[in-house]
Amino acid sequence: MEQISGDIGSYLISQGPLGVLALIMTGLYVYERKGRTKDRDEFDEERRETHAANVENLKTIIPLVQKLTATMDTVLPLLMRNIDRRQG
């Protein structure tokens, strides 16, 4: 169990079985909180890595989308004109 101040521990032990139970529960609570902090740190690190990977993907994809958009700005009016000629 995690370390709890000696004054608190001796007071709880002097209270009998209920105090000992309270001491055990306090130790487990502190242990669990520290474990959650470690889990949260690991999750944050994993999220940072995933975010960096997503940014790299966007750096690759965005120029391609811009190129496609520029191409469609040129090609689409030509296609529409050809369609109009065929139908008219």
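Below, a student and a tutor discuss a predicted model.

Student: What should I know about the model before we start?
Tutor: Residues are numbered from 1 along each chain as its sequence is written, and side-chain values use heavy atoms, with hydrogens and water left out. The model is predicted: local features need pLDDT of at least 70, side-chain atom pairs count only at pLDDT 80 or more, and totals for chains, interfaces and linings use all residues.

Student: At which residue does helix α2 bend?
Tutor: Helix α2 covers residues 17-87 (helices are DSSP runs of H or I, at least four residues, numbered from the N terminus). Its bend is about 30°, taken as the angle between axes fitted to the seven residues ending at a residue and the seven starting there. A proline, proline 77, follows within four residues of the bend. The residue is aspartate 73.

Student: Which helix is among the cover of the buried residues of α2?
Tutor: Buried means under 20% relative accessible area, exposed over 50%, and partly exposed in between (1.4 Å probe, protein chains only). In α2, Gly19, Leu23, Gly27 and Asp44 are buried. Their cover includes residues 6-14, helix α1.

Student: How many salt bridges does the structure hold?
Tutor: Look for a side-chain nitrogen of Lys or Arg within 4 Å of a carboxyl oxygen of Asp or Glu. One such pair is arginine 48 with glutamate 45, at 2.8 Å between the closest N and O atoms. The total is four.

Student: Why are glutamate 32 and arginine 36 about one helical turn apart?
Tutor: They form a salt bridge, with the closest N and O atoms 2.5 Å apart. Glutamate 32 is partly exposed at 31% relative accessible area, and arginine 36 is partly exposed at 46%. They are about one turn apart because both sit in helix α2 with a spacing of four residues.

Student: What is the N to O distance between arginine 47 and aspartate 44?
Tutor: These two are three residues apart in helix α2, so about one helical turn separates them. Aspartate 44 is buried, whereas arginine 47 is partly exposed at 49%. Their side chains meet in a salt bridge, N to O, at 3.7 Å.

Student: Which element gives the most to the nonpolar patch?
Tutor: A nonpolar patch joins Val, Leu, Ile, Met, Phe, Trp or Tyr side chains within 5 Å, from residues with over 30% relative accessible area and no salt bridge. This patch has about 650 Å² of accessible area together, and Ile13, Leu18 and Met25 are among its members. Methionine 25 lies in helix α2. With six residues, the top contributor is α2.

Conventions
Contact means heavy atoms within 4.5 Å. Patches are made of residues with over 30% relative accessible area and no salt bridge: like charges are joined within 9 Å, nonpolar side chains (Val, Leu, Ile, Met, Phe, Trp, Tyr) within 5 Å. Accessible areas come from the Shrake-Rupley method with a 1.4 Å probe; for residues, only the protein chains shown count as cover.
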